[in-house]
Structure formats: structure tokens, C-alpha cells
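Please find below a short note on the arrangement of the parts in this model. The points are numbered for ease of reference.

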Amino acid sequence: MKYSYYPGCSLHSAHKGYDQSCKAVFKLLDYELEELEDWNCCGATIYMSIKEITALASASANLALAEKLNKDLVTPCSSCYTILNKAHRYLKNDNELMKKVNLCLKEGGLQYNGNVRVRHPLDVLINDIGVEIIKLYLKKPLDGLRIANYYGCQLIRPERAFDDKENPLSMENLFESIGAEEVYFPYKLKCCGGMLMTTFEEAALKLTAEILQSAYENNADCISTTCPLCQMNLEAYQNKINKAFGTSFNIPILFFTQILGIALGLPGEELGIEKNFYECKKLKVIENSKPFVQSAQGVI
Amino acid sequence: MKSEDIRIPGTLSKREAVLREAFLEQTKVIPGGEKIKACIQCATCSGSCPVVYAMDITPRELIALFRAGEIETILNSKTIWLCASCYTCQSRCPAGIKVTDIIYALKRTAMERKDLTKKYPVNKLSQSFIKSIYKAGRLNEARLLTRYFIKTGFWNSFSFIPLGLKMLKKHRLSLKSVKIKNIKGFRKILNMAQKMDIPLEGARLAPVGEVVGYKSIS
């Protein structure tokens, strides 16, 4: 089965590891991600807060490109996911707006009719492919790895898309079914501060510190995330947080596709794990372990 | 106290009326934006907000002030710039008010007026962002931050150097800007859309009725 694929700007610059691991995992599971040709920036959260129609036009230019391919559009970045979904929903429910935006798109030779489903890789992995199928490909079970599953904001809010808004369990289901240990992590939905890290750093540092503290207190080996900006805030600012709050965090922050990739037997280089600042030692041990051979009876 | 400072309940100063009109114009773009009148002041939004501790006006107070005809106070507050767009308030609001989208509308209203953005220059980041996108069609994070720091305070940028070097070492920083192939078409789309967006200050100053509170939204 094929999906169209929208990586978004940050997956092509600061978070290549997410891009690599997403593609590698889907390829291994025999699902193809076809990248949109000549996609543009979705507009992100900042653009949405300036000019509504300009933002909608810039987002729906991508939707128009995806509509031509006639497949579900997969986008790993939480912000792109929300923005593209929001643009789709707004246009679908408002004919006037759809007409206006299409007038703009016409200038660039594009048209959008409202027929694209925007999906997140986590949604596709859990609901289209399914945990049972993923288990068939399992090579290195995550035995005893304690993962704090951090969802962040924009993956599940504002609209309920594929998981609960107050207690999503997709990542827990995925990782616990392949051997990871359950970790109590009440901060899994708390905001990391997002772009506030640039504009109001003190305010954002406190939010990020609380998330790290919660993972630390519950003995998590690493934090798994679905969003490039969350990954950046949680990982790159640990030094600053340590200085500001007198803590000593060095918690590895990984993308969920990177952890899944290791469990499926992919080498770390293919998943871009070396690009992360902190190495997860337990995951490294799992990566270096011998692949486990599934017996026919073991397959459900 | 000067006599013109005392406001008779039910009437608005001219500036307030203009700002109110501009804001209501912005809320019209939000599907379901009129639900702001359904607020029951339960403060679920304030209780859910992760950055409320740093705000000068809580999200609940924000809606109360809007009803009381105090848009100018809201637009001068730190609150609208502190919103991190986490959407917790919006997803929990029992009245279905799109709180985050309304804060976006307030940001837009403030950004159109120079005197309202002096205290918190957050709009500089947005402006740099727009320039980046218009130029290349895609965002280059390093260039965006450089532009932002040049505008807001050159010396601030030095605190980012250690992090920048670390990123560079991990091959996570590229200064090369990648242009999309159809950049001309993309710019045409943006130009057209900008024309359709709500015009800036001065272009729309229609007379407003002297109605305060949620009655002012039909």
C-alpha cells in the first residue's frame, strides 16, 4: 500500500533522523511513502496567527498537490499535521473560504477540492498496519526498556483525530506490545513551550524542566516523542535547564520511529540515531543484541 | 482623574470601538468564532493553561475583559504573546469556545498596530518567518533565528552559539536555503491571498454601534 508523504521543513534540516527513521520503518513494513513533489512550507503555527487566508492558501497548496496523487497524506511533524488538518477542515466546512482559497491557488495553477485525509505515521502504524503485523517483523524486543511516551500538544489537539484527547495510549500500546515496560508519565500531554523557547525563554524552560523531571522521577530510560519541536526543546535545552534549576538531566530524547526501528532490527545509522545529543545506553544494548528468531508458533 | 477617563457603562471610547470592530472582524474568519458569547466563566481554560503562571491576564479574564469593553487592556497584555498554541483550553472548553483561535485573532489585531507591539516584539519573529517563506517557499530555521535576533537584540544571539555549534557537529544545521521549484507560482498564491486578507489599519474604520459585550456579535 502507498501513502503520499509530506516531511515538512524541519525534517529536512534539524531533524533528518525523524525523516530517515520514518521512511526506513515504513519501507521495512512494505508500505511506501511517496514524497510530494515540490512541497512548500505549511505555514506552521506562527503563520496561522498572522494572516488567516494567506496561511490557509499556503497549507492547501500542499493539500492540492497531495490530492493529485489520490492517497492519504502522511506527515510526521505534529505542527504540519495540525495545520494541514485544520486547513482541510476549515475549507471543507466553509464553501466561501474554499472558493476564496481556490482563487488564490489558481494563480499557482493548483486546485483543492477537499478530498485529502491527513494522517500521522503513529495513526497509520496503529490503525492501518496494526500492532499484530508489526509484531511479525519484530527482531529485537525492547525488553525492560522504560520509555516515557510524550505526545505533546498538536498531535491530538485541538480536534480528536485518532486517539483520546486527555489520555492517548497509541504509543504505549505500540511499545508495550513489543516488550517495553510501562512508565507512569503524567506529563505526556503537557506543553513543552513550543516557539516560546525563542520568544519567552524563561517561561518555556520551566515547562520543559517539569516534563524532564517527571520522566526522571519515574526512572524512564528515554523519552519518545512525535514532534520535532518537542524533541528540540526537550533535548537541546537540557544544559540550560540544568544551569537554571540546578538539576542534572541527561535524558535521551528519541523519535518514536527511531525506537521502533531498532526493535525491528534496523541499524542505528539508518535511523539517524547518532544525530541525537544523548545516547540511550539500554537501547544501544538492544541494538547490538542478536536478532531474535520467531518460531511459527510464536506468530499469532 | 480626568473626566474623559471615566467611562459610562454601555459606551465605548472611540479607540476602544475601533479596536473592538477590528477584533470582531478577525473572529469572523474563525469557524465557530461567535461562540465567544457562550462563555460561562468557569475558568477551565485558565486551569488548563500551562503558561498561565507567567501571564498577567488569565484566559478567563481575557474573555471577561472583552465583554466589559476592555479590548485595549487585552491587546496591551503579555498574555496574548505568551500563548504557546497547545490547544488545551480549546479542547476542554465546555462551551466549545475556540480560545486558542481567539487569541490568534487578538494577536492579529495587535500586530496590525505598531503601538501595540512595542512592549513584546514577538511579531518580529512572525515577520522574519513570512520573509523566509516568501523568499524560498520553505523555512530555514537557522536563518529565521538569525533574522529574529538581529531585529530584537543582537547580543542575545551569542547565547545560542554553543547550541548552534553542537547542532552543526551533529549535521543538524544547514545554512543553505533550499528554494522550491515553483517559487514563482507559490509567490503568486501568497500575493493573491494577502490581497484577500483583512486590510491593515486605516483601511477599514467603519462606524460602530455603541454596544458593549456579547451583544455586539450578531
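1. In this predicted model, the C-alpha centres of domain 1 and domain 2 of chain A are 25 Å apart. Domain 1 of chain A spans 2-119, and domain 2 of chain A spans 136-288, according to the domain assignment.

2. The two domains of chain A touch one another through 23 residues of domain 1 and 26 residues of domain 2. On the side of domain 1 of chain A that touches domain 2 of chain A, four helices each supply at least two residues: H1 (9-12), H2 (16-28), H3 (44-48) and H5 (78-93). H2(A) gives the largest share of that side, with nine residues.

3. As to residue character, the side of domain 1 of chain A that touches domain 2 of chain A holds eleven nonpolar, ten polar and two charged residues.

4. A further contact joins chain A and chain B, with 48 residues from chain A and 53 residues from chain B. For the side of chain A that touches chain B, at least two residues each come from H1, H3, H4 (52-69), H5, H6 (95-107), H10 (196-199) and H11 (201-217) of chain A. Here H4(A) contributes the largest share, six residues.

5. The side of chain A that touches chain B is made up of 23 nonpolar, 15 polar and ten charged residues.

6. Which helix supplies the largest share of the side of domain 1 of chain A that touches domain 2 of chain A? It is H2(A), whereas the largest share of the side of chain A that touches chain B comes from H4(A).

Definitions and conventions
Residues are numbered from 1 along each chain as its sequence is written. Chains are lettered from A and ligands numbered from 1 in the order in which they are written. This is a predicted model: local features need pLDDT of at least 70, side-chain atom pairs count only at pLDDT 80 or more; totals for chains, interfaces and linings use all residues. Domain bounds come from an automatic or database domain assignment. Two residues are in contact if their C-beta atoms, placed from the backbone, lie within 7 Å. Ala, Val, Leu, Ile, Met, Phe, Trp, Tyr, Cys and Pro count as nonpolar, Asp, Glu, Lys and Arg as charged, and the others, Gly among them, as polar.
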